[in-house]
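Dear colleague,

I am pleased to hand over the structure shown below. A summary of what was found in it follows.

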Amino acid sequence: MHSNNKEKPWGGRFGGGTAKLVEEFTCSLHFDRRLYRYDIAGSMAHARMLARQGILTAAEAEAIVNGLQTVQGEIDAGTFLFDPGDEDIHMAVERRLTAIIGEAGRKLHTARSRNDQIALDIRLFLRDQVGVLIEALQDLRRAGVRLARRYFSVILPGYTHLQRAQPVLFSHHLLAYDEMWRRDQGRLRDCLVRFNVCPLGAAALAGSTFPIDPPYTAELLDFPAILNNSLDAVSDRDFIVEFAAAASLIMVHLSRLAEELILWSSAEFAFIEIADAFCTGSSIMPQKKNPDVAELIRGKSGRVIGHLTGLLVTLKGLPLAYNRDLQEDKEPLFDTVDTVLPCVRLMAGVLDNLALKKEKIAAALQGGFLTATDMADYLVTQGVPFRTAHAQVGQTVRFAETQGKELADLTLEEIKQFAPLAEADLFGWLQIEQSVNRRCSPGGTAAGRVAEALAAVEQELGLTS
Ligand code: ARG
């Protein structure tokens with residue numbers, strides 16, 4: 001029932017053994033083992049610093065570094081025997097190191113605590129992951145921009161309240177997502193700058209009595225800065241929250257696009273065809289081709305947002321400094337990373353393989369009075385105050401509806417009953433292309449504006465030939 005505490009690195013002050021249930025309950029090895037490379041890199045840097053400061057001999061440090069290399073090789077190769085009695089990856093590595101090199105292994109933990117050790121490991125881990133995610137977002141942006149280029153001039157009904165509103169270029173619609181994804185990348189870079197700080201040297205919470213050199217350790221681990229405050233260094237998890245918030249926004253953006261793809265691929269919209277390779281079928285209804293990838297991206301946004309909330313709740317009541325509650329940061333962090341990355345990559349695949357159904361989209365431009373605002377704008381150019389113009393067009397739309405006609409199908413005489421200042425040149429304003437191209441205000445959907453915007457993004461993403 002109880003394991004022997006004398007074998008544990010902290011066993012000295014304990015009389016009896018640890019209850020098996022407690023051992024299982026407190027163990028983090030099954031998830032934090034994934035940090036082993038970072039843990040070992042941190043230990044190597046720490047040992048080198050200790051030797052440089054004369055706290056270890058050069059021979060001891062060399063034995064430690066070589067031993068750690070062997071341990072890493074074993075874990076890489078899958079031959080490392082994890083012992084369930086090891087609480088976490090830190091202890092597992094140290095136990096094996098000591099088994100390989102003997103007494104020198106027992107000196108590695110001088111001037112260090114698992115508290116600053118784990119604070120380091122997750123920073124190193126997240127630093128890599130943030131880089132990978134920024135790259136994946138870059139690839140997604142490239143896919144979006146390629147699609148925008150492919151269908152540059154397709155005009156979609158733009159919606160507000162999911163009611164047809166005004167015509168917009170499809171490429172303009174896609175470039176809206178590009179803006180979100182660029183901001184998503186910026187948020188990741190921004191949080192990286194804040195957490196790219198080496199916490200080693202905080203030790204348990206108060207710093208170390210040894211003449212350590214944290215700037216040197218930081219340099220070995222490629223950190224541009226070191227801790228300012230030991231208490232903060234071991235208890236700060238702001239950066240995981242910031243990352244989880246950035247990840248949640250990425251998922252929210254993906255989820256909104258996923259929702260549009262799902263709607264657009266329905267028979268009711270039928271604007272797009274998602275490639276077979278990115279859909280699945282139904283086990284009962286033979287005709288079905290379901291947009292499951294988009295649905296799962298939308299669905300997985302819930303769990304990432306949940307992790308953000310969970311992390312905030314875990315932190316909110318913690319007194320300084322380290323508390324074991326902080327071990328609960330890792331599974332949500334890992335799951336966030338493991339969820340967001342494939343979603344970003346899958347969305348890029350969906351976009352790269354998307355086909356637009358141009359005739360269906362063109363048909364949807366009819367019947368929604370999409371150029372009603374253009375008629376009001378036209379009347380303003382004729383000297384009618386906008387509010388009056390708005391009312392006149394409203395009445396014209398009502399009339400057209402009773403006739404089962406579009407605005408452009410009415411005669412000038414019919415229109416003049418409601419809008420006396422309308423003239424024949426109004427009919428140009430009622431054309432969909434003109435409606436789009438008149439919106440040439442900055443950031444507007446006019447083809448000229450969108451062409452500029454698209455070219456700028458292509459340049460930014462290295463897509464210009
Ligand atoms: N597994 C712990 C964590 O994830 C490592 C630090 C443990 N520190 C301690 N004093 N028990 O936070």
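The residues around the ligand, where a residue counts as near if one of its heavy atoms lies within 4 Å, are Ser28, Asp88, His90, Arg114, Asn115, Ile118, Tyr322, Arg324, Gln327 and Lys330. Please note that this is a predicted model, in which local features need pLDDT of at least 70 and side-chain atom pairs count only at pLDDT 80 or more, while totals for chains, interfaces and linings use all residues. Residues are numbered from 1 along each chain as its sequence is written, and side-chain values use heavy atoms, with hydrogens and water left out.

By class, this shell holds 2 nonpolar, 4 polar and 4 charged residues. Here Ala, Val, Leu, Ile, Met, Phe, Trp, Tyr, Cys and Pro count as nonpolar, Asp, Glu, Lys and Arg as charged, and the others, Gly among them, as polar. The element that gives the most to the shell is helix 6 (residues 114-150), with 3 residues. Helices (H or I, at least four residues) and strands (E, at least two) are DSSP runs, numbered from the N terminus.

Three polar contacts (pairs of N or O atoms within 3.5 Å) deserve mention. In the side chain of Tyr322, an N or O atom is 2.5 Å from an oxygen atom of the ligand. For Asn115, a side-chain N or O atom is 3.0 Å from a ligand nitrogen atom, and a polar side-chain atom of Arg114 lies 3.5 Å from a nitrogen atom of the ligand. The ligand taken alone exposes 340 Å², of which the protein buries 88%; accessible areas come from the Shrake-Rupley method with a 1.4 Å probe.

Where does the ligand lie with respect to domain 1 and domain 2? It lies between them, because domain 1 (19-110) and domain 2 (115-363) both give residues to the shell. The domain assignment, which is automatic or taken from a database, also gives domain 3 (366-460). The C-alpha centres of domain 1 and domain 2 lie 32 Å apart, and 25 residues of domain 1 are in contact (heavy atoms within 4.5 Å) with 24 residues of domain 2.

Two backbone features should also be reported. Most residues other than glycine have a negative phi, and most peptide bonds are trans. Leu320 and Ala321, however, are joined by a cis peptide bond with omega of about 0 degrees, and Ala321 is found in the loop between helix 11 (292-316) and helix 12 (330-352). Ala270, which is not a glycine, has a positive phi of about 55 degrees; Ala270 lies in the loop between helix 10 (238-264) and strand 7 (272-273).

With kind regards

Definitions and conventions
Polar contact = N/O pair within 3.5 Å; in protein donor to acceptor, adjacent residues only side chain to side chain.
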